[in-house]
Amino acid sequence: MSGSTTAPARQLIDELIDRAHSEWPSVTFIIALPTGEQVLLPHHLAGLAPCRDGHAGYFSSVIRPHCAVDPVPRGAGTCRMVPLRRPPGGRQPPEYRLTLRSGEVTTYP
């Protein structure tokens with residue numbers, strides 16, 4: 001696997017995490033990776049895994065160590081961020097889907 005393909009995929013995932021945390025800071029998500037692995041992503045305000053530098057490197061430093069294999073094989077596939085549950089008294093957060101080849105992010109209510 002080339003680093004040139006993996007680095008942009010990791011950056012795209014960092015940007016996806018940043019978007020979800022910015023739009024829904026009180027929501028815990030499950031991030032589902034192209035290999036089928038799933039990782040709990042605590043809500044932004046939880047203080048369990050601090051978010052720094054706009055999530056730059058968050059994927060590599062916080063999520064990647066929990067994966068048994070490289071979760072972005074050949075920079076292909078789809079990553080999904082699925083809300084664990086609706087925040088108290090709030091509306092339902094969307095599911096985010098990131099297509100790694102194109103970098104396109106779509107949301108599903």
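Modeller: Partly exposed means a relative accessible area between the buried limit, under 20%, and the exposed limit, over 50%. The model discussed here is predicted.

Biologist: Is Arg97 buried, partly exposed or exposed?

Modeller: Take the relative accessible area of Arg97, which is 29%. Buried needs under 20%, and exposed needs over 50%. Arg97 is therefore partly exposed.

Biologist: How many salt bridges does the whole structure hold?

Modeller: One pairs Glu23 with Arg19. Another pairs Glu95 with Arg80. Glu95 also meets Arg97. A search of the whole structure gives a total of three.

Biologist: Where do Glu23 and Arg19 lie?

Modeller: Their closest N and O atoms are 3.1 Å apart. The two residues are four apart in sequence, about one turn of the helix. Both belong to helix α1 (residues 3-23).

Biologist: Is Glu23 buried, partly exposed or exposed?

Modeller: Its partner Arg19 has 32% relative accessibility and counts as partly exposed. For Glu23 the value is 42%. Exposed would need over 50%, so Glu23 counts as partly exposed.

Biologist: Which strands hold Glu95 and Arg80, and how many residues apart in sequence are the parts they tie together?

Modeller: The salt bridge between Glu95 and Arg80 has its closest N and O atoms 2.9 Å apart. Glu95 lies in strand β4 (residues 95-99) and Arg80 in strand β3 (residues 78-83), so the pair ties together parts whose separation in sequence is 15 residues.

Biologist: Is Glu95 buried or exposed?

Modeller: Arg80 has a relative accessible area of 33%, so Arg80 is partly exposed. Glu95 has 14%. The limit for buried is under 20%, so Glu95 is buried.

Biologist: Which residues are linked in a network of salt bridges?

Modeller: Glu95 pairs with Arg80. The side chain of Glu95 also meets that of Arg97, at 2.7 Å from N to O. The linked residues are Arg80, Glu95 and Arg97.

Biologist: Which element gives the largest share of the largest nonpolar core?

Modeller: Nonpolar side chains tend to be buried together in soluble globular proteins. The largest core here has 22 residues; Ile13, Ile17, Phe29, Ile31, Leu33, Ile63 and Met81 touch the most other members. Two or more residues come from each of α1, β1 (29-32), β2 (38-41), α2 (58-63), β3 and β4. The largest share, five residues, comes from α1.

Biologist: Which salt-bridge residue does Met81 touch?

Modeller: Met81 is among the core residues that touch the most other members. Leaving out residues up to four places away in sequence, its contacts include Ile17, Phe29, Ile31 and Tyr96. Glu95, which forms a salt bridge with Arg80, is also one of the residues touched by Met81. The residue asked for is Glu95.

Definitions and conventions: Residues are numbered from 1 along each chain as its sequence is written. This is a predicted model: local features need pLDDT of at least 70, side-chain atom pairs count only at pLDDT 80 or more; totals for chains, interfaces and linings use all residues. Side-chain values use heavy atoms; hydrogens and water are left out. A salt bridge is a side-chain nitrogen of Lys or Arg within 4 Å of a carboxyl oxygen of Asp or Glu. Buried means under 20% relative accessible area, exposed over 50%, partly exposed in between (1.4 Å probe, protein chains only). A nonpolar core is a set of buried Ala, Val, Leu, Ile, Met, Phe, Trp, Tyr and Cys residues joined through side-chain atoms within 4.5 Å. Contact means heavy atoms within 4.5 Å.
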